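Let's take a stroll through this protein, one region at a time. Keep the 3D view open and follow along as you read.

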Amino acid sequence: MNMPVINQPTIRTLARLTFGNAASLIYLGAVVAAAVFVTVDTLLVTHEDASLAGVWLFLLAAPTVFLFLLGGSMAGAESFGPAWFMYLALTVSVLVQSLALGWFVRFVLGGARRTRAAHPQGA
């Protein structure tokens, strides 16, 4: 049986697109900061009512997190499903969006690099 194998250069390229540019790192930093805020707010702050701190994570992970949650509800999970599915959906959606952001930056800068390389003397 021939199973498709992801080779090492492909994994390296995906990792570089996801974590190897400034735009993706800024986005991932904002997500980590929001996750720390939600964790501190949940564990250390007492509230009379429910806190809306977790909304920031969903806003940063939108719209892909809602696609994952919709897929989970179509598969039979109630509302948000089990906690592990919600955390998995948040993590995967943030990584997918970071990859898409890295691809977009590569697309925009790659086009600018090709233009400069085609006319090295400014002609």
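## Val 32 and its patch

Let's begin with Val 32, which sits in helix H2, the stretch covering residues 22-44. Keep in mind that what you're looking at is a predicted model. Val 32 has a relative accessibility of 51%, so it counts as exposed; the cut-off for that label is over 50%.

Val 32 isn't on its own out there. Together with Val 36, Val 40, Leu 43, Leu 44 and Val 45, it makes up a nonpolar patch on the surface. Added together, these residues offer about 570 Å² of accessible area.

## More about helix H2

Does the length of H2 agree with what its 23 residues should span, or disagree? At 1.5 Å a residue, the helix should span 33 Å, and the C-alpha atoms at its ends are 32 Å apart, so the two agree.

At the N-terminal end of H2, look for Asn 21, which acts as a cap. One of its side-chain oxygens lies 3.3 Å from the backbone nitrogen of Ala 23.

Which residues of H2 are buried? They are Ser 24, Tyr 27, Leu 28, Val 31, Ala 34, Val 38 and Asp 41. Pick out Val 31 from that list and then find Leu 60, over in helix H3. The C-alpha atoms of Leu 60 and Val 31 are separated by 6.6 Å, although the two residues are 29 apart along the chain. Leu 60 itself is partly exposed, because its relative accessible area is 26%.

## The bend in the bond at Pro 63

Now move on to Pro 63, in the loop between helix H3 (55-61) and helix H4 (64-74). Is the peptide bond from Ala 62 to Pro 63 cis or trans? It's cis, with omega near 5°.

Pro 63 counts as exposed, because its relative accessibility is 54%. Check Val 94 too: it is 31 residues away from Pro 63 along the chain, and their C-alpha atoms are separated by 9.9 Å.

Step along to Thr 64 and you're in helix H4. Thr 64 is buried, because its relative accessible area is 15%, and the cut-off is under 20%. The side chain of Thr 64 also has a partner: a polar contact of 3.1 Å joins it to the side chain of Gln 97.

## Aromatic pairs

How many aromatic pairs does the model have? The count comes to 3. One of them joins Phe 58 and Phe 66, whose ring centres are 6.4 Å apart with planes at 25°, so this pair is stacked. Planes under 30 degrees apart get that label. Phe 58 counts as buried because its relative accessibility is 16%, whereas Phe 66 is partly exposed, with a relative accessible area of 42%.

Another pair is Trp 84 with Phe 85. Here the ring centres are 6.0 Å apart and the planes stand at 85°, so the pair is edge-to-face. Trp 84 is exposed, because its relative accessible area is 58%.

## The whole picture

Time to zoom out. The secondary structure comes to 5 helices and 0 strands. Reading from the N terminus, the elements run α-α-α-α-α. The protein has 123 residues, and 22% of them count as buried.

Key. Residues are numbered from 1 along each chain as its sequence is written. This is a predicted model: local features need pLDDT of at least 70, side-chain atom pairs count only at pLDDT 80 or more; totals for chains, interfaces and linings use all residues. Side-chain values use heavy atoms; hydrogens and water are left out. Patches are made of residues with over 30% relative accessible area and no salt bridge: like charges are joined within 9 Å, nonpolar side chains (Val, Leu, Ile, Met, Phe, Trp, Tyr) within 5 Å. Accessible areas come from the Shrake-Rupley method with a 1.4 Å probe; for residues, only the protein chains shown count as cover. A salt bridge is a side-chain nitrogen of Lys or Arg within 4 Å of a carboxyl oxygen of Asp or Glu. Helices (H or I, at least four residues) and strands (E, at least two) are DSSP runs, numbered from the N terminus. Buried means under 20% relative accessible area, exposed over 50%, partly exposed in between (1.4 Å probe, protein chains only). Rings of Phe, Tyr and Trp (its six-membered ring) pair if their centres lie within 6.5 Å; planes under 30 degrees apart count as stacked, over 60 as edge-to-face and the rest as tilted. The expected span of a helix is 1.5 Å times one less than its number of residues. A polar contact is a pair of N or O atoms within 3.5 Å; within protein, one must be able to donate a hydrogen and the other to accept it, and residues adjacent in sequence count only if both atoms are side-chain atoms.
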